[in-house]
Structure formats: C-alpha cells, structure tokens
Amino acid sequence: MPPSPTGKLHVGNVRTALFNWLFARKTGGSFILRIEDTDADRSRAEYEQALIDDLRWLGLEWDEGLEKGGDFGPYRQTDRFGLYRDHARKLMEEGHAYYCFCSQERLDADRQEQQEKGLPYKYAGHCRDLSSGEVESRIAAGEKPTLRLKVREGEISFRDLVFGQVTVSLAEIGDFILLRSDSSSQYNFACVVDDALMRITHVIRGEGHLTNTFRQVLLYEYLGFPLPDFAHLSTILGPDGSKLSKRHGATSIGEFREKGYLPEGLVNYLSLLGWTPPEESGEVLAIEEIIRSFDLGHVNKSPATFDIAKLNFINRSHLKNLGDGLLAEKVYSFLVSGGVLPDREGPEIMEWVGQAADLLEKYADTLADFPGLVRDLLSFDPDKGMADPEVLEILSEPDAAACNKIV
RNA sequence: GUCCCCAUCGUCUAGCUUGGCCUAGGACACCGCCCUUUCACGGCGGCGACCGGGGUUCAAAUCCCCGUGGGGACGCCA
C-alpha cells in the first residue's frame, strides 16, 4: 500500500488500502505501508500523519513500514534516493538509459506540436544518441540532465489479477524519465525499485496505474527483477458518474469520522464496492467475515458508484450490533466532539447519560443511523412519547454543527 | 487526438471463464400492506436491468465484430 501524502485520505484510496489489507490478512501475507513522497512540492508531513491516523482509526494496521520498521526499510521514498541512483547507474551501464538535456521549453513545444497534429505525445528522443564526449562536456559545463529509459521496440504484456491479459505496443510509449534533473526519482522508477527490493508479491492499486504498469513491467525486465502479481481496482465514481471528488460531498474519511460513522460500517461498505460476499452470508459483515470470504479473483472490473444511502444502511446495521453500553459511550463522545456536550464530569452530564441509557434501552431495536440516533436523543420527550417536530426540522441534516445550534 | 480498459434494475452486484438450470437472482433506495399509542425497527408484497446493431449456434446476458457511452493514460504528478 503506497499512498502519497499529498492530501486527505480519500474513500478511493481507503478502498485500495482495504483491499490490500484484506488480501494480506486472507493469505497470511504482510501489509506494508510505504510513503511515496517523491513529489517534493506536493508532499506534506501533516498529510502523512493524518493518513496514519485515518488508517489506524479504520483498523487497517500494517505489519511493516512506517513507524513499524521491517527488514526492507527505509519506508519513505525520499529516504531511498541513493537506491534509485544505484539502479539507474546499472541501467545506464547496460545501455538501457541515457542523459537528456532537453529543456522544459523544448519539451513543451514538442508536446504542443504533436497535439496540433493529432498525434499522441511521446518524447522525440533528441538526446538518445548523444556522444559520450558531448554528455561529459555538457555536464562539466554545469547542465543538469534528466535520465531517460531507452524503450525497446515490440510490445509489452502482463496478466492482471482483475483485468486479465493486457497488452500495448511499445511504439506508444516514449522514453520516459527515470531521474529528474535534481537527481530525484520519478514515480514509476522508484516504485519498481522499491517493490522489487521490498519483495512485494502483489501490487494492488487503483486503475489509473494500469497504463503505468506497462512502463513498470519494462523496467522489471531491464532490471532483471521477478515480476510481482498486479491487480488494478476500478475507480469509484460520484452519483453523476464522474470520478468521486470533493464536489460530491464528503469524501475524506476524516469527514465520515466527524459525522459519527463507525469504522466498521465504513470498512464494510467500502469492501462491497467491486466485491460481493457469498450470497448466503448477506452484506452486513464483521471484518473477520469479510477477511474469510474475500477473494481478489472475484473483484469487479467496472467502476462503482459511491452510494451514501447504502453506506448509511450498512452503518446503521453495525450500530445496532454494537450493544447498549458501547453505544451510549459512542453517542456521548460524538456529542462531546461536536461541542454539544461539554467534555467534563458533572451532575447534568450524568443525568444526560442516564437519560441516554434509558432511551437506548427503549430504542434498543429501533436504531437509525448515528446522527439519527442523536436526533432522537435530543428531541425525545418521555411525556408525549414523541419527537418534537421543530427539533426534527432543524436536525433533518444532522451533523455536529446542527446539533450545536439547538443546545 | 492516440492508446489501454469497462458496459446486467436508479445504485452495489450474482450469473459470463466451462452457451441451455435466466419467463435474469440478491441487497440498498423507492412504493404499498401488516405490526405498532407516534416515529423507527421488523414481516409481507410491488416497481425495476442484460447499451445498440450485426454475426456464430439447435440455443447467447454469456462467444466474435462494429457502433455508442463511460473511465484511465499520454508530465522533470503520483
């Protein structure tokens, strides 16, 4: 599981993490957390920490990697640049790579020209056959070249565990960059070196990487590394059919946590995106049951739409399975974190918790979703035995802020 | 634009590998009825799909081709 710390952990990434984790648990393998932070501009330490917190909150503990250590560290790519350079040198010595002095401007111009002609962009190979003398003198003169892979002719093909056999002509792939001019590693290269050195057996990642995999397979070939198994997971779409993003509402798992969703509910729902448990077991499952029946070979290829209504149903079901004591505790801390109740001891708090416990007993079999439950608690009137419609109105879109409003 | 990939109810999907058991099954949502002092929960029932067109075959949701729609890649991002 190699995330980039370039933003909040998104449900799509979590689904990928989850499938990696499930596969590792199912097969008795190790789930490894490696940070892909080779993009210095976008990577931020705070995102890395949030990512760790989110993964732990969900219960997706890793066996090896960040904060955990292991035999194949370091587990942060910025700490591994030396390794990449070593392998780059090897590729160069074997004639599979070359220095490229093309300026950004020249590349942009090439790209634009190709586009206008309606051709796919591909590096034109200007520097492919520079003499070693020229290379040396330009480097001596202070030019900072990138290192490119000399892509062979023919085709490349691999068998994906989800998508099956996929093939592409190498004529489609230009000589791509291995090391940037600041000598840091580009993603595809770092990824292959790490996966090989860390003895990764299964690469399970988002579908967006399917075409990167062609490049990577070529790198495995040149580097003489054994090929791991690849499994690509379809994209998660928003209700309008486009890739799920912020404008579709809550997408970061932090937001779901704040709204009071249960980690087990979220994990259960996400496991259902692209995968189906055996029919006889139903869809509301404890994590152990998911592990037991999880099967990568039965993962769907087509993109899945994120459906909040079904998430709510799954979450609600887990809420009901929680039991009164645990539930009262969760409700209380939810209200505290939302600022509805003060985080302190006191008679009025005890009274409230007492009422909550009574109510939970009464409502034991009738729980809705978490915010719905809170809504009931706040508006329950024992004399009338019914909810106050005005309060219900305010809380029809219940969240922590709305709860705050009425107290 | 070029390449890679995908296509079953509104949504998640089973079935497709090994064509007939599919008048296409389940779940969420929705609608109705029952239960209930309200709501909810629960029970029962309903609505609802094989993207289009050609093949192959005695037989196609399942295999092949074309079209259409969608996603992804084409970066000194990952």
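The following is a dialogue on how terms are applied to a predicted model of protein chain A with RNA strand B.

Biologist: What conventions govern the model?

Modeller: The model is predicted: local features need pLDDT of at least 70 and side-chain atom pairs pLDDT 80 or more, while totals for chains, interfaces and linings use all residues. Residues are numbered from 1 along each chain as its sequence is written, chains are lettered from A and ligands numbered from 1 in the order written, and side-chain values use heavy atoms, with hydrogens and water left out.

Biologist: How many helices and strands are there in chain A, and what makes a stretch count as one?

Modeller: Chain A has 16 helices and 13 strands. Both are DSSP runs numbered from the N terminus, helices being H or I with at least four residues and strands E with at least two.

Biologist: Why is T38 called buried?

Modeller: Buried means under 20% relative accessible area, exposed over 50%, and partly exposed in between, with a 1.4 Å probe and protein chains only. T38 has 10% relative accessibility, so T38 counts as buried. T38 is placed in the loop between β1 (32–33) and α2 (45–58). Buried residues make up 45% of the 407 residues in chain A.

Biologist: Which residues does T38 touch, and what counts as a contact?

Modeller: Contact means heavy atoms within 4.5 Å. Not counting residues up to four places away in sequence, T38 touches Q77, F81, R180, S185, Y187 and A190. T38 and Q77 are 39 residues apart in sequence, yet their C-alpha atoms are 6.2 Å apart. For chain A, residues 24 or more positions apart account for 73% of the contacts with a separation of 6 or more.

Biologist: Why do E48 and S281 fall into their accessibility classes?

Modeller: E48, found in helix α2, has 12% relative accessibility and therefore counts as buried. Leaving aside neighbours within four places in sequence, E48 is in contact with P5, I35, L66 and R76. S281, in the loop between α9 and α10 (287–293), has 32% relative accessibility and therefore counts as partly exposed.

Biologist: What polar contact does the side chain of S281 make?

Modeller: A polar atom of the S281 side chain lies 2.8 Å from the backbone oxygen of P278. A polar contact is a pair of N or O atoms within 3.5 Å; within protein, one must be able to donate a hydrogen and the other to accept it, and residues adjacent in sequence count only if both atoms are side-chain atoms.

Biologist: Why is α3 called roughly perpendicular to α6?

Modeller: Helix α3 (residues 81–93) and helix α6 (residues 187–197) pack at an angle of about 100°, with their axes 10 Å apart. That angle makes α3 roughly perpendicular to α6. Angles under 35 degrees count as roughly parallel, over 145 as roughly antiparallel, 65 to 115 as roughly perpendicular and the rest as oblique. Axes are lines fitted to C-alpha atoms, for helices over the stretch in contact, and angles run from 0 to 180 degrees between N-to-C directions.

Biologist: Which residues make the contact of α3 with α6, and how do they divide by class?

Modeller: L83, Y84, H87, A88 and L91 of α3 meet F189, A190, V193, D194 and L197 of α6. The contact has 8 nonpolar, 1 polar and 1 charged residues. Ala, Val, Leu, Ile, Met, Phe, Trp, Tyr, Cys and Pro count as nonpolar, Asp, Glu, Lys and Arg as charged, and the others, Gly among them, as polar.

Biologist: How do you know that α6 is mostly covered?

Modeller: Of its 11 residues, 10 are buried. The buried residues of α6 pack against α3, β7 (177–179), β8 (202–206) and α7. At the start of α6, a side-chain oxygen of Q186 reaches to within 3.0 Å of the backbone nitrogen of N188.

Biologist: What makes a residue count as near RNA strand B, and which come nearest?

Modeller: A residue is near a molecule or strand if one of its heavy atoms lies within 4 Å of it. Of the 52 residues around RNA strand B, T38, G118, Y121, R180 and E283 come nearest. These surface residues divide into 15 nonpolar, 20 polar and 17 charged.

Biologist: Which parts of RNA strand B do the side chains of D39 and N212 approach?

Modeller: An N or O atom in the side chain of D39 is 2.7 Å from a sugar or linking oxygen, whereas one in the side chain of N212 is 2.8 Å from a base nitrogen. Of the RNA atoms within 4 Å of the protein, 78% belong to sugar or phosphate and the rest to bases.
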